[in-house]
Every structure is written in C-alpha cells, then in structure tokens.
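Visitor: I would like a close look at one part of this protein, taken slowly and with its surroundings. Could you pick a helix and walk me through it?

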Amino acid sequence: MESLELRKAGLKVTHPRMRILQVLEHSTPHHHLNAEEIYRQLLEDGDEIGLATVYRVLTQFEAAGLVLKHNFEGGHAVYELDRGGHHHHMVDVESGKIIEFENEEIERLKHKIAEDHGYVLEDHSLVLYVRRRK
C-alpha cells in the first residue's frame, strides 16, 4: 500500500521513504510526530536512516501532499499523514499535547464570516492554545 502512495505522489520508492511513511502510518491515531521522534523510532526499529534524511523526506512528503506540517507556537514542527479529512487543533500550553477536534458550528461560522465581509473562504488554520482548568 505504501509504495503505491509514493508512486501516486510522484516519488521514487526508496527504503527511507517507505520506512518513514510506515512510522507515520503506524503512529497512534491523532498523534503528531516531530522529525526527531520519527528518527528515534527508526533507530529503535534497527534502521540506519540519518536525521538529515528524515527531514529531507518529510519535506518531500509535504510537497507531495502526503503529510501536513504544523508549526505550533513554542514547539517544533510536527507532522501527520494527510488523510483528507478536515480538523482543528488544540495545544495544551503546559504539556505540549496536541488534541484534534472537529466542530460543525465552527465550519459553518468561518464561511459566514468570510461571506459577511464579501469573501469566499479559500483556506484557514485554527489552533486553540489551552490550559486545563484548575
């Protein structure tokens, strides 16, 4: 399956690309990995793929539309597979945990706001920075 995805994206099938794609596919759902975490997972699995290669492949995956890169404030870039669905993120400012969520009201409201100002919404990014109630 992974090799087909790489070919569809116009990328040559190589061992590093296959392994990095597998690490991303087998991460727990809604888990966003940074390049160093992917690199550590590869090392734990016995793969000798350098950190620079991980960064290069992630950049290629992003350009090919296979992964989404997020740069949340105060943290490193994190990556997730682009599974086609739309969702938003909350970042716990104390732990750094990233929580994905969907909300139909927000989806409706963002289009209405753009329309009220005479625009059509092309794209957007919504990140909520949160802290647990005490």
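Guide: Gladly! A short definition helps at the start: the expected span of a helix is 1.5 Å times one less than its number of residues. Please keep in mind that this is a predicted model.

Let us take helix H4, which covers residues 51-64. With 14 residues at 1.5 Å a residue, H4 should span 20 Å, and its end C-alpha atoms are indeed 20 Å apart, so the expected and computed spans agree.

Now for the sides of this helix. Thr53, Val54, Val57, Leu58 and Phe61 are the residues of H4 that are buried. Around the axis they cover an arc of only 135°, which means that they sit on the same side of H4. On the face turned away from that buried side, H4 carries the exposed residues Ala52 and Ala63.

Alanine 52 deserves a second glance. This residue of helix H4 has a relative accessible area of 54%, and because exposed means over 50%, alanine 52 counts as exposed. From the C-alpha atom of alanine 52 to that of valine 127 there are 28 Å, with the two positions 75 residues apart along the chain.

What lies over the buried residues of H4? The cover includes three helices, H1 (2-8), H2 (15-26) and H3 (35-44), together with strands E1 (67-71) and E2 (77-81).

Two of those covering helices are worth a visit. H2 has 12 residues and should span 16 Å at 1.5 Å a residue; its end C-alpha atoms are 16 Å apart, so H2 agrees with expectation. Its buried residues are Arg17, Met18, Arg19, Ile20, Leu21, Val23 and Leu24. Their cover includes H4, along with H1, H3, E1 and E2.

H3 has the buried residues Ala35, Ile38 and Leu42. Viewed down the axis of H3, they fall within an arc of 65°, so they line one face of the helix. Those buried residues of H3 pack against H2, H4 and E2.

Let us follow the chain out of H4. Just after the helix comes glycine 65, which takes a positive phi of about 80°. Further on, the loop between E1 and E2 holds glutamate 73. Its relative accessibility is 64%, so glutamate 73 counts as exposed. The C-alpha atoms of glutamate 73 and glycine 96 are separated by 9.9 Å, and the two residues are 23 apart along the chain.

Finally, let us step back to the whole protein chain. It has five helices and five strands, and from the N terminus on they run α-α-α-α-β-β-β-β-α-β. Along the principal axes, the C-alpha atoms fill a box of roughly 50 × 40 × 20 Å. Of the 134 residues in the chain, 33% are buried. Among contacts between residues at least 6 apart in sequence, 45% join residues at least 24 apart. The chain exposes about 9,200 Å², and carbon and sulfur atoms supply 50% of that area. As for charge, there are 17 positive and 24 negative charges, and their mean positions are 2 Å apart.

To return to our helix: H4 has a buried side with Thr53, Val54, Val57, Leu58 and Phe61, and a face turned away from it that carries Ala52 and Ala63.

How values were computed
Residues are numbered from 1 along each chain as its sequence is written. This is a predicted model: local features need pLDDT of at least 70, side-chain atom pairs count only at pLDDT 80 or more; totals for chains, interfaces and linings use all residues. Side-chain values use heavy atoms; hydrogens and water are left out. Helices (H or I, at least four residues) and strands (E, at least two) are DSSP runs, numbered from the N terminus. Buried means under 20% relative accessible area, exposed over 50%, partly exposed in between (1.4 Å probe, protein chains only). The arc is that of the directions from the helix axis to the C-beta atoms. Contact means heavy atoms within 4.5 Å. Accessible areas come from the Shrake-Rupley method with a 1.4 Å probe; for residues, only the protein chains shown count as cover. Lys and Arg count as positive and Asp and Glu as negative; His and the chain ends are not counted. The place of a charge is taken as NZ of Lys, CZ of Arg, CG of Asp or CD of Glu.
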